[in-house]
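Visitor: I have a model open on my bench screen and would love a guided tour. Could you take my questions one at a time?

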Amino acid sequence: MEGPPIDLSLIGFLRFNEWPERNSAKHEELARLEEMRRFGGKSGGDKGLLESFDRGRGESMFVLERFRPVRSLATPWEVQAEANAAVPPILVLDLNGHFAVAAMVGEHRGFAPGGLEQAPALAIFNTTDGAYLSGSAALCVSQAFDLYHHESEDLGPSDEVGEGDEPAVAALPDAGTLQPEPVAPPVPPSSAECGL
């Protein structure tokens, strides 16, 4: 039984640039890596280490693959520089040994009473019990957020990351320690607000 066709414009693949690992690649993987050459990276380097990439020379740790209108590969800052940056609403994330799916949920709605910003969130769908908010996986998660949040800074060619810098991703508390906060029930709109 065949289902409806998949709209590939809805899906992107944010993956590590594997060009630094070209010396250990074999057979079809080596041929596939040739398309990563333009994104650079130190030969013999580790794709999950920032030190493997010289951002001053335009080298990129991450590559966004899009499938519509044609298959294309671009650095995150190339995508953000596009006039109508087309970031697919669903991203498959390469977490350097595992894959997850990400989607931006919600819309930016300004500030709520009390000064809390009502901003979209990045939902990560993970099929393992692993935590991917540290190490190179966290770099991919934070880069995905930056792709959706164009006003965020990215690790573009002119940015420098200092020794010991960590990605701006906070660990979440253990779900067993979370206590639900009471929420007031919504107030229904008046008939005047509904136009009655």
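Visitor: Is Glu35 buried, partly exposed or exposed?
Guide: Happy to start there, and keep in mind that this is a predicted model. Buried would need a relative accessible area under 20%, and exposed one over 50%. Glu35 has 29%, so the class that fits is partly exposed.

Visitor: Which residue forms a salt bridge with Glu35 at 3.1 Å between the closest N and O atoms?
Guide: The pair links distant parts of the chain, 20 residues apart, with Glu35 in the loop between α1 (27-33) and β2. Its partner sits in strand β1 and is buried, with a relative accessible area of 8%. That partner is Arg15.

Visitor: And which side chain meets Glu35 in a salt bridge of 3.0 Å, N to O?
Guide: This partner lies in the loop between β2 and β3, so the pair ties together parts that are 36 residues apart in sequence. At 44% relative accessibility, the partner counts as partly exposed. The residue is Arg71.

Visitor: Which residues are linked with Arg15 in a network of salt bridges?
Guide: Side chains of opposite charge can pair when their charged atoms come close. Here Arg15 pairs with Glu35, and Glu35 also pairs with Arg71. The network takes in one further acidic residue, so, by the salt-bridge rule of a Lys or Arg nitrogen within 4 Å of a carboxyl oxygen, those linked with Arg15 are Glu35, Glu65 and Arg71.

Visitor: Glu59 and Arg57 also form a salt bridge. Which of the two is buried?
Guide: Their closest N and O atoms are 3.1 Å apart. Arg57 has a relative accessible area of 65%, so it is exposed. At 8%, the residue that counts as buried is Glu59.

Visitor: Back to β1: which strand runs parallel to it?
Guide: β1 is mostly covered, with 5 of its 6 residues buried. β1 and β2 are joined by 5 bridges and run antiparallel, with Gly12 partnered by Arg66. On the parallel side there are 4 bridges, and Ile11 has Ile90 as its bridge partner. The parallel strand is β4.

Visitor: Which element gives the largest share of the largest nonpolar core?
Guide: That core has 24 residues, and Leu14, Leu91 and Leu93 have the most contacts inside it. β1 (11-16), β2 (62-66), β4 (90-94), β5 and α3 (135-148) each supply at least two of its residues. The largest share is 7 residues, and it comes from α3.

Visitor: Which residue of β5 (residues 99-105) joins a nonpolar patch on the surface?
Guide: The patch has about 330 Å² of accessible area together, and Leu10, Ile90 and Phe125 are among its members. The β5 member is partly exposed, with a relative accessible area of 34%. Leu91 touches this residue too. The name is Val101.

Visitor: Is Thr75 buried or exposed?
Guide: Thr75 lies in the loop between β3 (72-74) and α2 (76-81). Beyond its neighbours within four places in sequence, Thr75 is in contact with Phe39, Ser60 and Phe62. Its relative accessibility is 2%, and the cut-off is 20%, so Thr75 counts as buried.

Visitor: Last one: how far apart are the C-alpha atoms of Glu78 and Leu64?
Guide: Glu78 lies in helix α2 and is partly exposed, with a relative accessible area of 30%. Leaving aside neighbours within four places in sequence, Glu78 is in contact with Arg38 and Phe39. Leu64 is 14 residues away along the chain, and the C-alpha separation is 9.5 Å.

Methods: Residues numbered from 1 in each chain as written. Predicted model: local features only at pLDDT ≥ 70, side-chain atom pairs only at ≥ 80, totals over all residues. Heavy atoms only, no water. Buried < 20%, exposed > 50% of the residue type's maximum accessible area, 1.4 Å probe, protein only. Contact = heavy atoms within 4.5 Å. Patch = residues over 30% accessible without salt bridge, like charges linked within 9 Å, V, L, I, M, F, W, Y side chains within 5 Å. Areas by Shrake-Rupley, 256 points an atom, 1.4 Å probe, with all protein chains shown as cover. Core = buried A, V, L, I, M, F, W, Y, C linked by side-chain atoms within 4.5 Å. Pairing = 2+ DSSP bridges.
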